[in-house]
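The following exercises are to be worked through with the structure in view. Each task is followed by a solution in steps.

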Amino acid sequence: MSLLRVENLSIQFGGVRAIQNLAFTIQAGTIHSIIGPNGAGKTTLLNMITGVYRPTTGTIHLNGRPVTGRRPHELARLGLSRTFQNLQIMKTMTALDNVMVGRHLHLNRNLAACLLRLPTITRGDRAARQHCTALMERVGLGDYIHAEANAMPYGALKRLEIARALASEPKLLLLDEPAAGLNATETSEIDAVIAEIARSGVTVILVEHDMKLVMGISDHILVLDYGRKLAEGTPEEVRANPDVIAAYLGAA
Ligand SMILES: Nc1ncnc2c1ncn2[C@@H]1O[C@H](COP(=O)(O)OP(=O)(O)O)[C@@H](O)[C@H]1O
Ligand SMILES: [Mg+2]
């Protein structure tokens with residue numbers, strides 16, 4: 001059974017048909033990239049999958065159950081987590097505290113226990129801190145644990161967002177242009193981080209413009225053009241597809 005199944009998906013903003021009659025499936029344990037020119041509908045698609053936008057038509061199934069129209073926090077509980085095209089980092093907090101924000105699903109606390117500062121809370125906090133510290137080390141940010149986010153380079157902030165997204169222990173991780181604005185060294189660091197995440201068993205949806213990264217890392221690629229599916233397949237199939245060459249790769 002596929003992890004994610006999208007059928008007949010469309011969304012319209014006023015006169016703009018951002019996604020039109022889109023269907024695809026994603027198998028668990030794969031890296032599934034979504035590519036296409038600016039305005040093709042990639043971020044809009046992620047927003048529908050994560051419950052930020054409600055589709056105008058169509059259905060989304062996660063692990064065989066219908067989740068169309070579910071709110072983002074419900075989908076987070078079902079195992080979805082994401083990063084954003086524009087960084088959503090709290091700049092005046094420490095790096096570790098930013099990752100801790102992503103851990104709140106696992107912090108089992110209630111108001112009374114918080115007010116009384118019962119030992120279960122501090123134990124839970126300590127465990128969460130340890131977990132998030134380990135996540136930061138995993139994405140290569142061991143030197144920045146207590147740094148203020150303000151003081152971190154852009155490439156490190158992109159990996160900090162990934163660490164925060166991992167803190168909820170997702171089954172499906174959606175990355176919106178994780179390599180945008182990065183230099184070659186930073187891009188290869190992100191490449192290694194994404195590959196390691198996939199090896200750990202997390203399914204990845206990757207929206208990205210860097211074709212070297214996409215072609216090297218993806219199991220499957222979906223090409224969008226003006227909200228429609230232009231092509232899909234393995235990197236080799238997509239690279240050889242005449243429609244893709246004409247509409248997208250050829251123009252690059
Ligand atoms: N909230 C919104 N309101 C109106 N139009 C939107 C909204 N979100 C996206 N769009 C439009 O949908 C189209 C696809 O945008 P987007 O998904 O951001 O493309 P991509 O991520 O592929 O660059 C664009 O024409 C964009 O202007
Ligand atoms: Mg986008």
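Two residues are in contact here when heavy atoms lie within 4.5 Å. The model is predicted.

**Exercise 1. State which residues make up each domain, and how far apart the two C-alpha centres lie.**

Solution.
Step 1. The domain assignment places residues 1-79 and 170-252 in domain 1.
Step 2. Residues 88-169 are assigned to domain 2.
Step 3. The distance between the C-alpha centres of domain 1 and domain 2 is 26 Å.

**Exercise 2. Describe the contact between the two domains by residue number and by buried area.**

Solution.
Step 1. With the contact criterion above, 19 residues of domain 1 touch 12 residues of domain 2.
Step 2. About 1,200 Å² is buried between domain 1 and domain 2, and 69% of this area comes from carbon and sulfur atoms.
Step 3. Of the area that domain 1 buries against domain 2, Pro 170, Ile 190 and Val 193 supply 34%, more than any other three residues.

**Exercise 3. Determine how many salt bridges and how many residue pairs in polar contact are counted between the domains, and examine the pair Glu 196 and Arg 138.**

Solution.
Step 1. A salt bridge requires a side-chain nitrogen of Lys or Arg within 4 Å of a carboxyl oxygen of Asp or Glu.
Step 2. Glu 196 and Arg 138 form a salt bridge, their closest N and O atoms being 2.9 Å apart.
Step 3. Between domain 1 and domain 2 the count is 2 salt bridges.
Step 4. The count of residue pairs in polar contact between these domains is 4, with both residues at pLDDT 80 or more.

**Exercise 4. Which elements supply the side of domain 1 that touches domain 2, and how do its residues divide by type?**

Solution.
Step 1. At least two residues each are supplied by α2 (72-77), β7 (172-176) and α7 (184-199).
Step 2. The most is given by α7, with 6 residues.
Step 3. By type, this side of domain 1 has 11 nonpolar, 2 polar and 6 charged residues.

**Exercise 5. Trace the pairing of β4 with β1 and with β5.**

Solution.
Step 1. Strand β1 (residues 4-13) pairs with strand β4 (residues 57-62) in the antiparallel sense, over 5 bridges.
Step 2. Within this pairing, Ile 60 in β4 stands opposite Val 6.
Step 3. Strand β5 (residues 65-66) is also antiparallel to β4, with 2 bridges between them; here Pro 66 in β5 is the bridge partner of His 61.
Step 4. The hairpin of β4 and β5 has 2 residues between the strands, and Asn 63 in this hairpin takes a positive phi near 55°.

Definitions and conventions: Residues numbered from 1 in each chain as written. Chains lettered and ligands numbered in written order. Predicted model: local features only at pLDDT ≥ 70, side-chain atom pairs only at ≥ 80, totals over all residues. Heavy atoms only, no water. Domains from an automatic or database assignment. Buried area = accessible area lost by both parts, 1.4 Å probe. Polar contact = N/O pair within 3.5 Å; in protein donor to acceptor, adjacent residues only side chain to side chain. Helix = DSSP H or I, 4+ residues; strand = E, 2+ residues; numbered from the N terminus. Nonpolar A, V, L, I, M, F, W, Y, C, P; charged D, E, K, R; others polar. Pairing = 2+ DSSP bridges.
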